Amino acid sequence: MAEEPCQCSDCQRFYKEHDRLIREFPTFKRQQELNWASIQSFRTLCSKVTHDLQRKLSERESDECINQEEKHISDSEITEALGELESVNAYLYSIEALMERIFDTKISNNVESKFKEIADELAPDPLNIDRLMLNRLFHQTPDFPDKKNIN
Ligand SMILES: [Zn+2]
């Protein structure tokens with residue numbers, strides 16, 4: 001029994017992006033590079049923001065005179081974000097360790113051709129089942145009420 005794919009705007013954006021990443025990175029090696037760059041850029045951005053927020057918070061603690069513009073993020077907002085970002089940074093670090101293992105894998109040219117061939121078949125299909133299963137992980141449904149409460 002085929003499940004009807006969700007057509008909300010988040011899911012449609014996901015389908016489109018998923019296909020694009022297969023189309024534009026259609027080999028094992030390109031996917032390795034893409035995912036490595038993706039993890040690294042996410043980590044870089046998260047840790048820079050974390051450091052910036054930490055600096056802001058410690059500046060406020062040492063200085064009572066803060067202008068209004070600086071206060072557009074409240075102290076509690078910063079503290080809460082720092083807690084969340086700390087977890088995210090730890091998760092990203094774990095993912096990076098796993099990605100390193102994936103990076104150790106080398107694929108022969110013949111198998112790379114197979115990747116390319118399959119990528120060409122997969123990407124134009126808007127209802128690909130693998131993608132739909134993947135998407136369930138990202139999409140909030142009543143079955144997965146609130147991922148933030150799962151630790
Ligand atoms: Zn949806």
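In which hand, left or right, do helices H2 and H3 cross? I would like to begin there, and to say at once that what we have in front of us is a predicted model, in which the crossing of H2 and H3 comes out as left-handed.

Before I go further into that pair, let me set out the whole chain. The secondary structure of the protein amounts to five helices and zero strands, and read along the sequence the pattern is α-α-α-α-α. The protein has 151 residues, and 23% of them count as buried. When we take the contacts in the protein with a separation of 6 or more, 70% of them are accounted for by residues 24 or more positions apart.

Now back to the two helices. Two packed helices are described by the angle between their axes and the distance between the axes. Here H2, which covers residues 28-62, packs with H3, which covers residues 75-103, at an angle of about 155°, and the axes are 9 Å apart. Because the angle is over 145 degrees, H2 counts as roughly antiparallel to H3. If we sort the residues of the contact between H2 and H3 by class, we find 19 nonpolar, eight polar and seven charged residues.

That brings me to the core. In soluble globular proteins, nonpolar side chains tend to be buried together. In this model the largest nonpolar core has nine residues, namely Ile39, Cys46, Leu53, Leu57, Ile78, Leu82, Leu85, Leu92 and Met99. Both H2 and H3 supply at least two residues of this core, and the largest share, five residues, comes from H3. One member of the core, cysteine 46, touches Leu85, Val88, Asn89 and Leu92, when residues up to four places away in sequence are not counted.

Let me turn to a residue of helix H3 that is charged, glutamate 96. Is glutamate 96 buried or exposed? Its relative accessible area is 12%, so glutamate 96 is buried, given that the cut-off for buried is under 20%. Setting aside residues up to four places away in sequence, glutamate 96 touches Trp36, Ile39, Gln40 and Arg43. For one of these, arginine 43, the C-alpha atom is separated from that of glutamate 96 by 9.2 Å, although the two residues are 53 residues apart along the chain.

Further along helix H3 we come to isoleucine 102. With a relative accessible area of 40%, isoleucine 102 is partly exposed. Apart from neighbours within four places in sequence, isoleucine 102 is in contact with Phe28 and Gln32. The C-alpha atoms of isoleucine 102 and glutamine 32 are separated by 7.4 Å, and these residues lie 70 residues apart along the chain.

I will finish with two residues on the other helix of the pair. Leucine 34 lies in helix H2, and leucine 34 counts as buried because its relative accessible area is 18%. Which residues does leucine 34 contact once its neighbours within four places in sequence are left aside? They are Leu21 and Phe25. As for glutamate 24, which is 10 residues away from leucine 34 along the chain, the C-alpha atoms of the two are separated by 9.8 Å.

Arginine 30 is found in helix H2 as well, and since its relative accessibility is 36%, arginine 30 counts as partly exposed. Leaving aside neighbours within four places in sequence, arginine 30 is in contact with Glu24 and Phe25. Between the C-alpha atoms of arginine 30 and glutamate 112 the separation is 10.0 Å, while the two residues are 82 residues apart along the chain.

To close where I began, the pair to keep in mind is H2 and H3, with a left-handed crossing and a roughly antiparallel arrangement.

Technical notes
Residues numbered from 1 in each chain as written. Predicted model: local features only at pLDDT ≥ 70, side-chain atom pairs only at ≥ 80, totals over all residues. Heavy atoms only, no water. Axes fitted to C-alpha atoms, helices over the stretch in contact; angles between N-to-C directions. Helix = DSSP H or I, 4+ residues; strand = E, 2+ residues; numbered from the N terminus. Parallel < 35°, antiparallel > 145°, perpendicular 65-115°, else oblique. Left-handed = near helix turned anticlockwise from the far one by under 90°. Core = buried A, V, L, I, M, F, W, Y, C linked by side-chain atoms within 4.5 Å. Buried < 20%, exposed > 50% of the residue type's maximum accessible area, 1.4 Å probe, protein only. Contact = heavy atoms within 4.5 Å.
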